[in-house]
Amino acid sequence: MSIAERVRITESSSRDGLQSLGAFVPTEAKSGLINDLAAAGIRDFDAVSFVSPKWVPQMADGAEVVAGVVATDITLSALVPNAEGLERALAAGVTSIGVLTAASDTFNERNINATVDESMHRIRRILMETPGGVSVRGYVSTATHCPYEGEQDPDWVAHLAETLMEWGVDSVHLGETIGKATPLHIERLLDEVVKLVPIEKVGVHFHDSYGQAIANTVVALEWGVDKMDSSAGGLGGCPFAPGAAGNVATEDLLWLLDGFGIEHGIDARRVAKVAQRFCSEHNLVYNSKAGRALLATEEEE
Ligand code: HMG
Ligand code: MG
C-alpha cells in the first residue's frame, strides 16, 4: 500500500454542511458558496440532495442551487435516495449522483425510511435507470458506528461495498456518520473492505464529532485512499444522526495533505476566507482549526 500522490477532494459544505440547519439558507447563498469554493480550486462538489422536502426542508431548492452555479470545469454531484430523486437530479442537469445505504437498519430507517435491504433494492433500481455518462458514488453510512445500534461489523460493511461495486457504482464511500471512530476502527474497516473492493475505488467521508477525523484520515491515506469528502469550515451533520457534528474541515484536510506533500490543487487560505465569511453571514460557527490559524497569520506571511 502506498500513499497517493494526489487526493481528490469532494466538497460537501453546500449539502452535508447545510442539510441539518433549521434556518433556511437562501438559494443564491448556496450557489454562491459553490462558486466561491470553485474559485479556490475545488473541482468536485457533493452539491445538493434531491430528497423529500418534508424530511429535509433545507435541501428543497436543489435544482435552483445547481442552476445558480456559474463556475465551470467542476463536477456537481447530487445525493439521491430513490427514483424520484434521480429524476429530479437528471432534470437539474447534474452529471454525478450519490446513492446511499447504511450498515445499520435503524439509522437507515430513520434516514431514508428503508431497511438496508430495501435501500439496496432502491439503489439497484436507481443504477438501472441512471444513464451512461453519469457517475455514481455509493455511500455506506454508519460504516463504523450507528447512533442507535452502536459499533458495526466491518465484514458487513465490506459486503455492502462489494455489492455496490458489483452493481456498477464508480466508487464506494465509507460514511463515518457520527465521528466516533478512532484510527483502530478505520484500520479494521479498511482491512476488511480492501479484501473485496480495490482501494482505488474506495473513498472516505469522515465526520469530526470527537475530533478524530484527521487521525482517521491519516490511516486512510496510509491504506492508499485517494478520494476524500470534506466540508469547508467544518460545516455538516446529519439530521437523523443525533450527535453528528460537521465533516472534517476542508482546510484541516488540506493542511494535512500539504504536510504529506500530496497534491490537491486547492488554495486553503482562500477556502478559509470563503467559509469564514459564509459562517459569519449565516450565524454559523466556523469550525476549522487550520483555517482559523491561516487567517490569523495572514498579515505575517
Ligand atoms: P418516504 O416518506 O418513505 O417516501 O421517504 P415515499 O416514497 O413514501 O413518498 C412520500 C412523499 O415524499 C411523496 O409525496 C413523494 O412524492 C415524496 P406526497 O405524495 O406525499 O406529496 N418524495 C420525494 N419528494 C422529492 N424528492 C424525492 C422524493 N421521494 C419521495 N426524492 C425518502 C423516503 C427517502 C424520500 C425520505 O426518507 C427522505 O427524503 N429522506 C432524507 C434523507 C436525507 O436527506 N438524509 C441526509 C442525507 S444522508 C447523509 O447525510 C449521510 C452522508 O453524508 C454520509 C454519512 O455521513 O455517513 C451521505
Ligand atoms: Mg455525512
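**View 1. N82 reaches for ligand 1.** In this predicted model, an N or O atom in the side chain of N82 sits 2.8 Å from a nitrogen atom of ligand 1. S52 joins in too, but with its backbone: a polar backbone atom of S52 is 2.8 Å from an oxygen atom of ligand 1. Then there's H207, where a polar side-chain atom lies 3.1 Å from an oxygen atom of the ligand. On its own, ligand 1 would expose 1,100 Å², and the protein buries 75% of that.

**View 2. The pocket that holds ligand 1.** Look at the space ligand 1 takes up: that's the largest pocket. Two elements each give two or more residues to the shell around the ligand, namely helix 3 (83-92) and helix 4 (105-112). Helix 3 gives the most, with 3 residues.

**View 3. Who's in the crowd around ligand 1.** Count the residues surrounding ligand 1 and you get 27, with R88, N111, N113, S141 and T177 the closest. Sort the shell by class and you'll find 10 nonpolar, 11 polar and 6 charged residues.

**View 4. The magnesium ion and its protein donors.** Ligand 2 is a magnesium ion, and its protein donors are D16 (OD), H205 (NE2) and H207 (NE2). They lie 2.0 to 2.3 Å from the ion. Along the chain, the donors follow the spacing D-x188-H-x1-H. D16 lies in the loop between strand 1 (8-11) and helix 1 (27-39), while H205 is in strand 9 (residues 202-206), so this pair ties together parts that are 189 residues apart in sequence. You've met H207 already: its side chain also has that polar atom 3.1 Å from an oxygen atom of ligand 1.

Key
Residues are numbered from 1 along each chain as its sequence is written. Chains are lettered from A and ligands numbered from 1 in the order in which they are written. This is a predicted model: local features need pLDDT of at least 70, side-chain atom pairs count only at pLDDT 80 or more; totals for chains, interfaces and linings use all residues. Side-chain values use heavy atoms; hydrogens and water are left out. A residue is near a molecule or strand if one of its heavy atoms lies within 4 Å of it. A polar contact is a pair of N or O atoms within 3.5 Å; within protein, one must be able to donate a hydrogen and the other to accept it, and residues adjacent in sequence count only if both atoms are side-chain atoms. Accessible areas come from the Shrake-Rupley method with a 1.4 Å probe; for residues, only the protein chains shown count as cover. On a 1 Å grid over the protein atoms alone, a cavity is a set of points where a 1.4 Å probe fits but cannot get out, and a pocket is an open set with protein on both sides within 12 Å along at least five of seven lines; lining residues have an atom within 4 Å of a point. A molecule sits in a cavity or pocket if more than half of its atoms lie within 2 Å of its grid points. Helices (H or I, at least four residues) and strands (E, at least two) are DSSP runs, numbered from the N terminus. Ala, Val, Leu, Ile, Met, Phe, Trp, Tyr, Cys and Pro count as nonpolar, Asp, Glu, Lys and Arg as charged, and the others, Gly among them, as polar. Donors are N, O and S atoms within 2.8 Å of the metal (3.2 Å for Na, K and Ca); water is not among the atoms, so sites may look incomplete.
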